[in-house]
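Here is a quick tour for anyone meeting this structure for the first time. Have a look at the model, then read on.

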Amino acid sequence: MADQNVKELTTDDAPVKARGLEGVIALESALSSIDGQKGELIYRGYDIHALAEGASFEEVVYLLWNGELPTEDELETLRSELQSERALPAPVMNILRHAPDDAHPMAVLRTAVSSLALYDEEADAMNDEANRRKAARVLAQIPTVIAAFDRLRKGLDPISPLDDGSMAHNFLYMLNGEEPGEAAERVFDVCLVLHADHGLNASTFTGRVIGSTLSDLYSAVSGAIGALKGPLHGGANREVMRMLLEIDEQGADPVEYVTEKLEAGERVMGFGHRVYRTMDPRAAILRDMVKELSEEEGEMKWYEYSMAILETVRDEKGIAPNVDFFSASTYYQLGLDPDLFTPIFALSRTAGWTAHLLEQWADNRLIRPRAEYVGERDRTFVPLGQR
């Protein structure tokens, strides 16, 4: 049933004006809910803390796609499907081999995902069963794209995906050439859970807009990747790590470093959110994980830098950190290069993007907002020869 509190505008109604569409409800979704005042995030009714603590990424994928947590048999079926779809078509691997070593990883990922459509016989099939199979394919193949490109640009041979194990385990194996320890796999799996969906954010909205035209899944996911590439969305965690590394390289005091930035009117990446008015619950979970990883490794500087920055920005500006702030040092301590942070975000968020596309197509309506014209009117046309 439609939300009775949502006003359905007709052509006779005055259009709603909101810069950046802030506060505008464009559609209904049963996938995730954010309470910015409470600092609450739920997927399909389950609190993110419970899912991060007790569910695997594959369980969350099943939940987002199907509305319920899987039974053991349902989870095994999904895992088997994802495992069977990990390998890339040879022509797509050749695209990665010919990509410039200094190419932006998100540009490579966007290109590779778009090219996957060329080798999928169901690319333009729009029935529900075909779309679900494509969702599994693209989710399974994105980790292979990221790992293969990273190794190729470093002069290493790509590693074929495993035919068993979790997505977190397989990705870290393909990236590093050795099977990860239990702690690393679990931490990475939690990171994937935390980033899987987050309401109608910029990349998800982009994907749904493309999907609403009845374009194909690969086009929609490629568009979502393009939106996520921006530093104001998925690219923020990379900038956070750059800041932490700069503090470390300069031997700077993190409090003084950030204070100077704030006094100069510069933005400190990883802080503030368009929805949350308190600490992002995902950031709170990752904060504890950074501390645990630091204690395990006997190296506390990234955690200490982060907490000093957090306290300074909070005291000076009253702004809380978002998920990007602590995901940066989490990924870095797992041995991941900073420019892979955003592609890894895309890896996880593909679960949510594809879930939103399935939801969009189940009851599709073309997404077509309006713009307020603020240009000139009543101008007199002058022929070319008289200008």
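## A first walk through the chain

Let's start with helix α9, which runs over residues 202-212: its buried residues are S203, T204, F205, G207, R208, G211 and S212. Keep in mind that this is a predicted model. What covers those buried residues of α9? The cover includes α10 (217-228) and α16 (341-362). Just past the end of α9, L214 takes a positive phi of about 70 degrees.

Now over to helix α2, residues 57-66. How many of its residues are buried? It's 8 of 10, so this helix is mostly covered. The buried ones are F57, E58, V60, V61, Y62, L63, L64 and W65. A positive phi turns up here too: G67, just after α2, has one of about 90 degrees.

Here are those two residues next to each other:

| Residue | Where | Phi |
|---|---|---|
| G67 | just after α2 | about 90 degrees |
| L214 | just after α9 | about 70 degrees |

Next stop, a loop. N322 sits between α14 (301-317) and α15 (323-333). Is N322 buried or exposed? Its relative accessible area is 7%, and buried means under 20%, so N322 counts as buried. The side chain of N322 also has a polar neighbor: one of its polar atoms lies 3.0 Å from the backbone nitrogen of D324.

Time to zoom out to the chain as a whole. It holds 16 helices and 3 strands. Measure the C-alpha trace along its principal axes and you get a span of about 70 × 55 × 55 Å. Does that go with a compact or a stretched-out chain? For 387 residues, a compact globule would have a radius of gyration near 21 Å, and this chain has 22 Å, which agrees.

The contacts add to the picture. Among contacts in the chain with a separation of 6 or more, 75% are between residues 24 or more positions apart. As for burial, 50% of the 387 residues in the chain are buried.

And the outside? The accessible surface of the chain comes to about 19300 Å², and 47% of that belongs to carbon and sulfur atoms. The chain also carries 38 positive and 66 negative charges, and the mean positions of the two groups are 9 Å apart.

Note on methods
Residues numbered from 1 in each chain as written. Predicted model: local features only at pLDDT ≥ 70, side-chain atom pairs only at ≥ 80, totals over all residues. Heavy atoms only, no water. Helix = DSSP H or I, 4+ residues; strand = E, 2+ residues; numbered from the N terminus. Buried < 20%, exposed > 50% of the residue type's maximum accessible area, 1.4 Å probe, protein only. Polar contact = N/O pair within 3.5 Å; in protein donor to acceptor, adjacent residues only side chain to side chain. Rg over C-alpha atoms; globule rule 2.2 N^0.38 Å. Contact = heavy atoms within 4.5 Å. Areas by Shrake-Rupley, 256 points an atom, 1.4 Å probe, with all protein chains shown as cover. Lys, Arg positive; Asp, Glu negative; His and termini not counted. Charge placed at Lys NZ, Arg CZ, Asp CG, Glu CD.
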